[in-house]
Amino acid sequence: MSKIAIIGAGPAGIETATVLARQHDVLLFEKENAPLCNIRNKALLFPDFTSADELANNMMRQLEHPRITTYCDTDITDLRKAQNSWQLTDAKGNQYEADYVVLSTGYQIFDAHKKEELGYGIYPGIITSIDLEKMIKEGKITNSIGDAPKSVTFLQCVGSRDEKSGNHYCSKVCCVTAVKQAIEVRKMLPNTTAYVFYMDLRMWGQGFEEMYRTAQEQYGVNFVRGRISEAAATYDQRVQLKAEDTLMGLPLNMTTDLLVLMVGMCASEGTDRLAHAAGIAGKYNFAQSVSEHLKDNLTEQEGLFLAGSCKRPMSIQDTIQDARAAAITILEQIA
Amino acid sequence: MVPHIITTSGILLISSLLKTVCIFREKKGVKTINISYVCSLSFLKLQIMGKRYWNDYQKAIAKDHFFYERSCIRQTFFPGSEAAFLNILRNDLGLDIYDSSHQHTCTGIGYHTDVVPFETTMTIVARLFSLMTEKGYENYVPSCVTSFGIFTEMLEKWEENPALLEQARELLHKATGRTFKLPKNIAHPSDIIFSYRNELKEKMKYQLVNRFTGKPLRVVEHIGCHYAKIFPKHGVGNAEFPYVLAGMIEAWGGEVVDYPERRHCCGFGFRQYLVQENRGYSVANSRKKFESMEPYEPDFIVANCPGCAMFLDKWQYTIAEMEHKTYDKEGYGIPVLTYEEMAGLLLGYDPWVLGLQLHQVQCESLLNKIGIQYNPNEKYKGYDGKILPLPGKPSVLKV
């Protein structure tokens, strides 16, 4: 029996822990005060509108295992290879030892403040997809003065596929999330108009394309191909947008009550820090696996494994599958 | 000179603009806002710019020993501004700034309209740098924002492609036999005033405060496109929310007005006005800004670009003639100042020496609000002591 440390108690960390705990002792570290914070912030999950809380509760039940010890409020800040083990140090200076380590430190959302032209944090009425998700969860979507918005506009690819912010990659989940959120807005506020500005809609997963079609046909969501170049507050506290409709080939000026920035996924601080400490930092500060095809859970460091979105943007479904793959890889290594 | 009326271009524009005006009128109904709702907001947050985080970025600005390059057009548009800048630096701040009599155009307007080829502009810039080198200066200060954009662009191109720098040296040497060093620092005069805003505040006689209400004056700041939109790193506070004028306004007691079209072009865009038939675009852009700022009731506009200040000032007359529309309650228009004029007024410079009487929108209402002393009888007094011929009056805009 080995002792395995898993850093990060999101869906990747919990799923890996659950599989490994059948045969080994698991130490699961979480820097927040509870596991699954990112999922807990969501209301419903694409593409089938599963309750995020229901998924989180099911995963929490998986943690009720005698071989899993969970340490919350424990931010692992350093990771070093000793002769036959790994030494972990947390922010308070406590040290832990394990035979194997799994990095499941996940992602963090792109800081929309960096896109100054879009006015997040400057003007009221401009929020992120995470902010909207919280509103949906609380059952009340409001504009900057607390009223139900008459129009909600979504902007895709904020901090993704964007040379200005330095993130050239696609975050994968924003397209379908906007479609899901636009449907939820229309369900909650039937008199509200929804617009989605996109570069191209990447409906790559099962059920995504159907959801996109439903959004248009059943919920009347307006999809506009183009980018918003500038957002500003109007005198009556609405949001003025300047954009280009690239299908029409025309500039566009419009006002909306709520602008939702679909923020992309970046390497989390923990991923960045620990990937660099262990010498496995890859592009954009995500952790680098040995090979994306056959050895995607292995790293160049013996005994250090990867699971989930610490490698690249992933959906929750893909994260859970990747976590199981990571657990099987570790079991094969130990055997 | 008839300063109160644009005698030619404004009238010639009317026919070309009729179509544009009709389009705006059609749109007006769509854009109408709920007045009762707006009033209930009671000026919720005029100073949205209080949430600044973008001013974390501050460019390097030299503190002393400047080589000044004058603008082609500013001395015509705002004849007192460049002199005021030199006086402020020399007399109020005790700094060294050299004003060469051998300078010439930077080619900016010609360059941006494809009239002047790149190699020519590069050589012209090289010659101006050679004047600076010859006098032993290293800190270059171009008066005009377009010149500032030209110089930063050439420096950027030379850094990225050293072969172009060698070509510029060769062309300059062949043409004039001169050589040059690259400046160690390049700053726009508004950068320098900004960097000394607190020191200047200590010397100021007035503040940007309405003496009748005791409230800060509401100021619209407009930044020239070529200041930071080409190279954000060369602007104080970056490109989207440059802090260079906002910093002065706040330091001197005023309140910055943010409005939806704050970042929109003033209408000076070279291709919009160089061809007379296109000038409708120029007025349309300025009009879009005025319509957007009007509900905030600004006390005045300040700009750091010669074209911006000129067009935002003069087009108010044109729009008034075309539409019988002014953008203040009293019908006088919104005064437009350069940043040197703003600083000079607060330091106690005579408004008529600053050249404010040569503006289209007259500034007495603003002077009265601040409490600035001036002699109305000397408004049109020339340097020889004689009163100049009085200007004609516009039919709509009050003066």
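This is a short tour of a predicted model, with stops in chain A and chain B.

**Whole complex**

Start with everything displayed. The predictor assigns the complex an ipTM of 0.84 and a pTM of 0.86.

**Chain A, overall**

Select chain A. How many helices and strands does chain A have? There are 8 helices and 20 strands. Chain A has a radius of gyration of 21 Å, close to the 20 Å that the globule rule gives for 335 residues, so it is as compact as a globular protein of that length. Turn the chain to look along its principal axes: the C-alpha trace spans about 65 × 35 × 35 Å. Of the 335 residues in chain A, 46% count as buried. Among contacts in chain A with a separation of 6 or more, 65% are between residues 24 or more positions apart.

**Chain A, strands 1, 2 and 5**

Now select residues 3-7 of chain A, which form strand 1, then residues 11-20, which form helix 1, and residues 25-29, which form strand 2. What do these three elements of chain A make? Strand 1, helix 1 and strand 2 of chain A make a right-handed β-α-β unit.

Look at how the two strands of this unit lie beside each other. Strand 1 and strand 2 of chain A run parallel and are joined by 5 bridges. To find one of the facing positions, select A:K3 and A:D25, which stand opposite each other.

Next, add residues 68-71 of chain A, which are strand 5. Strand 2 pairs with strand 5 of chain A over 4 bridges, again in the parallel sense. Here A:L28 in strand 2 can be selected together with A:T70 in strand 5, as the two stand opposite each other.

Is strand 2 of chain A mostly covered or mostly open? Strand 2 is mostly covered, with 4 of its 5 residues buried. When you show side chains, keep one rule in mind: in a regular strand they alternate between the two faces of the sheet.

**Chain B, helix 14**

Move to chain B and select residues 279-293, which are helix 14. Helix 14 of chain B has 15 residues and reaches 22 Å from its first C-alpha to its last, close to the 21 Å expected at 1.5 Å a residue. Which residues of helix 14 are buried? Among them are B:R279, B:G280, B:V283, B:F290 and B:M293.

**Chain B, confidence**

Finally, color chain B by pLDDT. The average for chain B is 87, and 86% of the residues score at least 70. Then select residues 1-51 of chain B, where pLDDT stays under 50. For this stretch the model has 64 contacts beyond four places in sequence. Where pLDDT is low, the predicted coordinates should not be read in detail.

Note on methods. Residues are numbered from 1 along each chain as its sequence is written. Chains are lettered from A and ligands numbered from 1 in the order in which they are written. This is a predicted model: local features need pLDDT of at least 70, side-chain atom pairs count only at pLDDT 80 or more; totals for chains, interfaces and linings use all residues. The expected span of a helix is 1.5 Å times one less than its number of residues. A residue is buried if 20 or more other C-beta atoms lie within 10 Å of its own, exposed if 12 or fewer, and partly exposed in between; C-beta atoms are placed from the backbone. Two strands pair if DSSP finds at least two bridges between them. A crossover is right-handed if, with the strands pointing away from the viewer, the path from the first strand over the helix to the second runs clockwise. pLDDT is the predictor's confidence in each residue, from 0 to 100. Two residues are in contact if their C-beta atoms, placed from the backbone, lie within 7 Å. The radius of gyration is taken over C-alpha atoms; the globule rule is 2.2 Å times the number of residues to the power 0.38.
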